[in-house]
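Thanks for coming, everyone. Let me put the model up, and then we'll walk through it together.

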Amino acid sequence: MSTQSFYDIKAAVVRGKGKPFALENARIRAPQEDEVLVKIVATGMCHTDMIVRDQYYPVPLPAVLGHEGAGVVTAIGPLVKELQVGDHVVLTYGYCSHCGHCGTGHAAYCDEFYPRNFSGADQHGDTAITDADGQALHDHFFAQSSFATYALSLESNAVKVPVDAPLELLGPLGCGIQTGAGAVINSLQVIPGSSFASFGAGAVGLSAVLAARVAGATTIIAVDVVPSRLALAKELGATHVINSKEQDPVAVIREITAGGANYALESTGIPAVLRQGIDSLGPLGAIGVVGAPALGTEAKFDVNELLLGGKTIRGIVEGDSTPKQFIPQLVKLYQQGRFPFDKLVKFYPFEQINQAAADSEKGITLKPIVMIGEM
């Protein structure tokens, strides 16, 4: 139970389309009902943070973003059943827990996914953060808004993790890493001995490479245009890499796999790359789509190539994961040395959040993690 009505925080606020993150003093209310207040240790930075900052997705501004938070539970609401003060948690996406999709283990397709993650308010339409002048800031981004020293989350999207795991590293498991790994393991269900191609070797694409290795794929192909990313892909388990500026990935993949890949993942959000991914599949192949372009973006493909090849195109949100189960599984794999996603990250102090964003957009850093507070 909380003994305070509000907490003083420092938050990174976006006040206008394309404006930089500005560190400001603010206040956040105490947890209510089944909410938990989390003291944020570190938060990963994801492509979605930038496209919302730039208003490709119409989340209302001014807002506190951040959706890969990791921290320590500081206070709990009266209806919280399992979490306790002092628990280490990773914050993930919000979901209602009671619709048909949530009830069948597909919370990433929750009927209320958009309002709970992108409305700029909680499930009741209320905000919890006010700025230094007492004006409301839009929050509850991905049901957390973790670019702040404290964040409110529902118990349902706060995932308890072991205290002996490096908490400052774990935030990206709540979205980006979960998306790439889950796409391979949960959605495409890559099987041992199969072939897999990752179109895009950013944080999501390389997480998929790591997961394909865990799943037992024996031909793992990474496609990108940045040589350093391709070199890292080889280090992480890719058996082949293709620089698509220098080679036709469709032709090379068909040659490597003797007819086409069993599985592929498109994480760039570029329609022409999606077409390459579809064309690189073999008969009965399946491609997952996780790249997020601007709303309204269209892509094209050869219908007969899809039809006669028995191919599948699968849209995937958050790796179609059940976070309370999947995130702890990824933590265990990391602790066993089988899922070294720490090789994807670079840490930045909170004051350098805009540098983290710039380095991510330029491809200098695959997965920035912003260090926000201490445990």
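Find Phe199 and look across to β12: the residue standing opposite is Val223. This is a predicted model, so keep that in mind throughout.

How many bridges join β11 to β12? There are 5, and the two strands run parallel. For orientation, β12 covers residues 219–224. β11 covers residues 195–199.

Now the connection. Between them comes helix α6, residues 203–215. Together, β11, α6 and β12 make a β-α-β unit, and that unit is right-handed.

β11 has another partner. That is β14, residues 261–266, joined to β11 by 4 bridges. Again, these strands run parallel. Look at Phe196 here: its bridge partner in β14 is Tyr263.

Is β11 buried or exposed? Mostly covered: 5 of its 5 residues are buried. Take the faces in turn. On one side sit Ser195, Ala197 and Phe199, and on the other Phe196 and Ser198. Both faces are covered, and all of these residues are buried.

Let's keep going across the sheet. From β14 we step to β15, residues 281–289. The pairing is parallel, over 5 bridges. One pair to click on is Ala261 in front of you, with Leu281 of β15 standing opposite.

Now zoom out. What is the strand order of the open sheet? It reads β13-β12-β11-β14-β15-β16, 6 strands with parallel pairing. At the edges stand β13, residues 240–243, and β16, residues 312–315. Each has a single partner strand, so one side of each is left without a neighbour in the sheet. From one strand to the next, the twist averages 15°.

While we're on β15, stop at Leu284, which is found in that strand. Leu284 is not a glycine, yet its phi is positive, about 65°. Most residues other than glycine have a negative phi, and most peptide bonds are trans. Leu284 is also exposed, with a relative accessible area of 70%.

Two more backbone spots, both in one loop. Gln55 lies in the loop between α1 and β4. Its phi is positive too, about 70°, and Gln55 is not a glycine. Gln55 is partly exposed, at 26% relative accessible area. Pro62 is found in the loop between α1 and β4 as well, with α1 at 47–53 and β4 at 63–64. The peptide bond from Leu61 to Pro62 is cis, with omega near 0°.

Next, empty space. How many cavities of 30 Å³ or more does a search of the whole structure find? The search finds 1. The space in this cavity is about 100 Å³. Which strand gives the most to its lining? That is β9, residues 150–154, with 3 residues. Among the lining residues are Glu35, Tyr95, Arg116, His140 and Leu152. By class, the lining has 5 nonpolar, 4 polar and 3 charged residues.

Last stop, the second largest pocket. About 170 Å³ of space lies there. Its lining includes Asp34, Lys81, Cys96, Arg116 and Glu155. The split here is 4 nonpolar, 3 polar and 4 charged. Notice Arg116: it lines the pocket, and Arg116 also lines the cavity. Tyr95 appears in the pocket lining and in the cavity lining too.

That's my tour. Questions, please.

Methods: Residues are numbered from 1 along each chain as its sequence is written. This is a predicted model: local features need pLDDT of at least 70, side-chain atom pairs count only at pLDDT 80 or more; totals for chains, interfaces and linings use all residues. Side-chain values use heavy atoms; hydrogens and water are left out. On a 1 Å grid over the protein atoms alone, a cavity is a set of points where a 1.4 Å probe fits but cannot get out, and a pocket is an open set with protein on both sides within 12 Å along at least five of seven lines; lining residues have an atom within 4 Å of a point. Grid points are joined across faces, edges and corners, and a volume is the space filled by probe spheres set on the points. Ala, Val, Leu, Ile, Met, Phe, Trp, Tyr, Cys and Pro count as nonpolar, Asp, Glu, Lys and Arg as charged, and the others, Gly among them, as polar. Buried means under 20% relative accessible area, exposed over 50%, partly exposed in between (1.4 Å probe, protein chains only). Two strands pair if DSSP finds at least two bridges between them. A crossover is right-handed if, with the strands pointing away from the viewer, the path from the first strand over the helix to the second runs clockwise. Axes are lines fitted to C-alpha atoms, for helices over the stretch in contact, and angles run from 0 to 180 degrees between N-to-C directions.
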